[in-house]
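I opened the notebook to look up a few things in this model. My list for today: cores, a pocket, salt bridges and some backbone details.

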Amino acid sequence: MEETIGVTEAAQIPKQRGEQLLDSAVRYAEERHWDVFAGTWLEAVEGAERCSCGAADCAAPGAHPARPDWATQATGSAVAARRIWGKQPKASILLPTGRTFDVLDVPESAGFLALARMERMELTLGPVTCTPDRRMMFFVLPGAAVKVPELVRKLGWMPSSLDLIARGEGHYVAAPPTRVGGSGAVQWARRPTPANRWLPDAEELISPLAYACGREAAAARARRP
């Protein structure tokens, strides 16, 4: 059985949410060498949870950068991560893309279809997350954001026709166990393990992902009156 990062006997014991966030942020920096930065968090206001940014109509409550210079605040130091989340234990864990990885962002239904196909094809996969807004994020080598549009065209698709977003430099993703508003938490569909430390290239995954997104787009068109 594959070993997940940082799994021990103690990991089976439920922890306070702040401890989960701190421990996860430290492990991402220490064991995966991912840069991390602290984002906003959820606060209880008049019986409801609101984003710490204060905006009543916040699009990603508790899961977006807290400051405009977030890219310069990201750190790959486990010591720094422990200090940051020690000061603000409720802060979301955000990972900048375009550094140690890019992300291929697709609808959840297409993502699970592609994931099943990839497993049948015995493709090497990196970590994959599921977000509360029903998206799936496939972690791949940096550079995907530049290559994906042309790779999609070579497969016979117009990039604009597929709901397939390549997130590279200047973007970020929320990492488990970050919560997004009242929708739930970001979760691993495929956890980081020693076996997937080496990420695939986008070119290896693009065919099943584009196919699944194409089916999703066709189904959406068929549902229209």
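**Entry 1: a cut-off, then Asp 105.** I call a residue buried when its relative accessible area is under 20%, and exposed when that area is over 50%; partly exposed is in between. A reminder to myself: this is a predicted model. My lookup for Asp 105 gave a relative accessible area of 2%, so Asp 105 is buried. What does the side chain of Asp 105 meet in a salt bridge? The partner is Arg 167, at 2.9 Å from N to O. I then checked where the two sit: Asp 105 is in strand 5 and Arg 167 in strand 8 (residues 165-167), and the pair links distant parts of the chain, 62 residues apart.

**Entry 2: more salt bridges.** My search of the whole structure turned up 10 salt bridges. Another one I looked at joins Arg 135 and Asp 163, with the closest N and O atoms 2.7 Å apart. Arg 135 belongs to strand 7 and Asp 163 to the loop between helix 5 and strand 8, so this pair ties together parts that are 28 residues apart in sequence. Arg 135 has 14% relative accessibility and therefore counts as buried, whereas Asp 163 is partly exposed at 34%. Which residues are linked with Asp 105 in a network of salt bridges? I found Arg 135, Asp 163 and Arg 167 linked with Asp 105 there.

I also looked up Arg 190, which forms a salt bridge with Glu 119; the closest N and O atoms are 3.1 Å apart. Here too the pair links distant parts of the chain, with Arg 190 in strand 10 (residues 187-190), Glu 119 in helix 4, and their positions 71 residues apart. Arg 190 is partly exposed, at 26% relative accessible area. Glu 119 is partly exposed as well, at 42%.

**Entry 3: the nonpolar cores.** In soluble globular proteins, nonpolar side chains tend to be buried together. With that in mind I went to the largest nonpolar core, which has 25 residues. Those with the most contacts inside this core are Leu 104, Phe 138, Val 148, Leu 164 and Leu 209. Which elements each supply at least two residues of this core? I noted strand 5 (102-107), helix 4 (108-120), strand 6 (128-130), strand 7 (135-140), helix 5 (144-154) and helix 6 (202-223). Helix 6 gives the largest share, seven residues. Another core lies apart from this one; it has 23 residues, including Ala 29, Ala 78, Leu 95 and Ala 175.

I picked out Leu 164 and listed what it touches, leaving out residues up to four places away in sequence: Asp 105, Val 106, Val 148, Ile 206, Leu 209, Ala 210 and Cys 213. Next came Leu 162, in the loop between helix 5 and strand 8. Is Leu 162 buried or exposed? At 8% relative accessibility, Leu 162 counts as buried. With the same sequence neighbours left out, Leu 162 touches Val 152, Trp 157, Ala 210, Cys 213 and Gly 214.

**Entry 4: Thr 97.** I found Thr 97 in the loop between strand 4 (93-96) and strand 5. Thr 97 counts as buried, at 2% relative accessibility. Beyond its neighbours within four places in sequence, the contacts of Thr 97 include Asp 102, Arg 167, His 171 and Tyr 172.

**Entry 5: the second largest pocket.** I read off about 350 Å³ of space for the second largest pocket. Of its 16 lining residues, the closest to the centre are Ala 63, Thr 131, Asp 133, Met 137 and Ala 174. Strand 7 and strand 9 (172-174) give two or more residues to the lining, and strand 9 has the largest share, three residues. By class, I have nine nonpolar, three polar and four charged residues in that lining.

**Entry 6: backbone details.** Where is the cis peptide bond I came across? The bond runs from Pro 176 to Pro 177, with omega near 5°. Pro 177 is in the loop between strand 9 and strand 10. I also noted positive phi in Glu 122, near 55°, and in Arg 134, near 65°. Glu 122 sits in the loop between helix 4 and strand 6 and is exposed, at 70%. Arg 134 is in the loop between strand 6 and strand 7 and counts as exposed, at 57%.

Methods:
Residues are numbered from 1 along each chain as its sequence is written. This is a predicted model: local features need pLDDT of at least 70, side-chain atom pairs count only at pLDDT 80 or more; totals for chains, interfaces and linings use all residues. Side-chain values use heavy atoms; hydrogens and water are left out. A nonpolar core is a set of buried Ala, Val, Leu, Ile, Met, Phe, Trp, Tyr and Cys residues joined through side-chain atoms within 4.5 Å. Buried means under 20% relative accessible area, exposed over 50%, partly exposed in between (1.4 Å probe, protein chains only). Helices (H or I, at least four residues) and strands (E, at least two) are DSSP runs, numbered from the N terminus. Contact means heavy atoms within 4.5 Å. On a 1 Å grid over the protein atoms alone, a cavity is a set of points where a 1.4 Å probe fits but cannot get out, and a pocket is an open set with protein on both sides within 12 Å along at least five of seven lines; lining residues have an atom within 4 Å of a point. Grid points are joined across faces, edges and corners, and a volume is the space filled by probe spheres set on the points. Ala, Val, Leu, Ile, Met, Phe, Trp, Tyr, Cys and Pro count as nonpolar, Asp, Glu, Lys and Arg as charged, and the others, Gly among them, as polar. A salt bridge is a side-chain nitrogen of Lys or Arg within 4 Å of a carboxyl oxygen of Asp or Glu.
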